[in-house]
Amino acid sequence: AGDIVHGTVTRIESYGAFVAMDPPPPSNDDNYQRPRHYKGLVHVSALRPPEEGRVEHPIDVIKMDQRVVVLVLEIIPPPPLDERANYKIRLSLAAIDPATNKVREGFVMPAPRGNREQDL
């Protein structure tokens with residue numbers, strides 16, 4: 001969490017937008033294996049800074065195949081013993097200043113949410 005990554009919007013739902021994050025650049029290590037693309041969710045509440053107003057639907061702010069810069073808020077591991085489950089990655093577009101592609105001044109990282117299903 002806390003990394004700034006580039007990616008592409010791959011799906012838009014009423015609750016947010018999914019972003020396929022670019023893999024890191026290749027390493028000089030001979031044993032380097034290119035990582036797979038990971039997807040994360042930018043919740044509708046994290047699409048625009050609060051001072052810019054509420055987002056009614058993500059399509060008002062973001063478009064399919066749009067290139068974006070996002071902040072990784074949290075990486076939630078899958079529940080143990082569930083081999084089909086994937087990591088859940090929470091992202092924020094609102095945290096990034098589009099003029100600098102850096103974290104907005106005054107932005108405070110939200111508390112981790114964790115895997116609520118595991119906590120029950």
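## Charged pairs at the surface

At a relative accessibility of 57%, E56 counts as exposed, and its salt-bridge partner is R54, with side chains that meet at 3.0 Å from N to O. R54 is likewise classed as exposed, at 66% relative accessibility. These values, like those that follow, come from a predicted model. Side chains of opposite charge can pair when their charged atoms come close.

A search of the whole structure finds five salt bridges, among them the pair formed by R11 and E13, whose side chains meet at 3.0 Å, N to O. In this pair R11 is partly exposed, with 39% relative accessibility, and E13 is also partly exposed, with a relative accessible area of 28%.

## A buried salt bridge between strands

What is the distance between the closest N and O atoms in the salt bridge of R90 with E74? The closest N and O atoms of R90 and E74 are 2.7 Å apart, and the pair links distant parts of the chain, since R90 belongs to strand β5 (residues 88-92) while E74 belongs to strand β4, 16 residues apart. Are R90 and E74 buried or exposed? R90 is buried, and E74 is buried as well.

## The barrel and its strand pairings

The strands β1-β2-β3-β5-β4, taken in that order, make up a closed barrel of five strands in which the pairing is mixed. From one strand to the next, the twist averages 50°.

Strand β1 (residues 4-13) takes part in two of the pairings described here: with strand β4 (residues 67-76) it pairs in the antiparallel sense over five bridges, and with β2 it pairs in the antiparallel sense over six bridges. On the β4 side, V5 stands opposite V70, whereas on the β2 side the bridge partner of V9 is V19. The connection between β1 and β2 is a hairpin, with two residues between the strands.

Strand β2 (residues 16-21) is mostly covered, six of its six residues being buried. Besides its pairing with β1, strand β2 is joined by six bridges to strand β3 (residues 38-43), and these two strands run antiparallel; in that pairing, G16 has H43 in β3 as its bridge partner.

## Surroundings of S92

S92 is found in strand β5. Is S92 buried or exposed? With a relative accessible area of 2%, S92 falls under the 20% limit and is therefore counted as buried.

The side chain of S92 reaches two backbone positions that follow in the sequence: the backbone nitrogen of A94 at 3.3 Å, and the backbone nitrogen of A95, which lies 3.0 Å from a polar atom of that side chain. Leaving aside neighbours within four places in sequence, S92 is in contact with V42, A46, V70, L71 and L73. One of these contacts, V70, is the residue of β4 that stands opposite V5.

## Nonpolar cores

The largest nonpolar core has 18 residues, and those with the most contacts inside it are V42, I62 and L91. The elements that give two or more residues to this core are β1, β2, β4 and β5.

Which residues does I62 contact, leaving aside its neighbours within four places in sequence? I62 is in contact with V9, I12, A17, L47, V68 and L93. A second, separate core of five residues includes V69, L71, L73 and A95; of these, L71 and L73 are also among the contacts of S92, and the backbone nitrogen of A95 is the one placed 3.0 Å from a polar atom of the S92 side chain.

## Residues with positive phi

Most residues other than glycine have a negative phi, and most peptide bonds are trans. Against that background, D65 has a phi near 65°, a positive value in a residue other than glycine. D65 lies in the loop between β3 and β4, and at 57% relative accessibility D65 counts as exposed.

N101, also not a glycine, has a positive phi near 60°. Where does N101 lie? N101 is placed in the loop between β6 (96-97) and β7 (102-103), and with a relative accessible area of 34% N101 is partly exposed.

Conventions: Residues numbered from 1 in each chain as written. Predicted model: local features only at pLDDT ≥ 70, side-chain atom pairs only at ≥ 80, totals over all residues. Heavy atoms only, no water. Pairing = 2+ DSSP bridges. Helix = DSSP H or I, 4+ residues; strand = E, 2+ residues; numbered from the N terminus. Axes fitted to C-alpha atoms, helices over the stretch in contact; angles between N-to-C directions. Salt bridge = Lys/Arg side-chain N within 4 Å of Asp/Glu carboxyl O. Buried < 20%, exposed > 50% of the residue type's maximum accessible area, 1.4 Å probe, protein only. Polar contact = N/O pair within 3.5 Å; in protein donor to acceptor, adjacent residues only side chain to side chain. Contact = heavy atoms within 4.5 Å. Core = buried A, V, L, I, M, F, W, Y, C linked by side-chain atoms within 4.5 Å.
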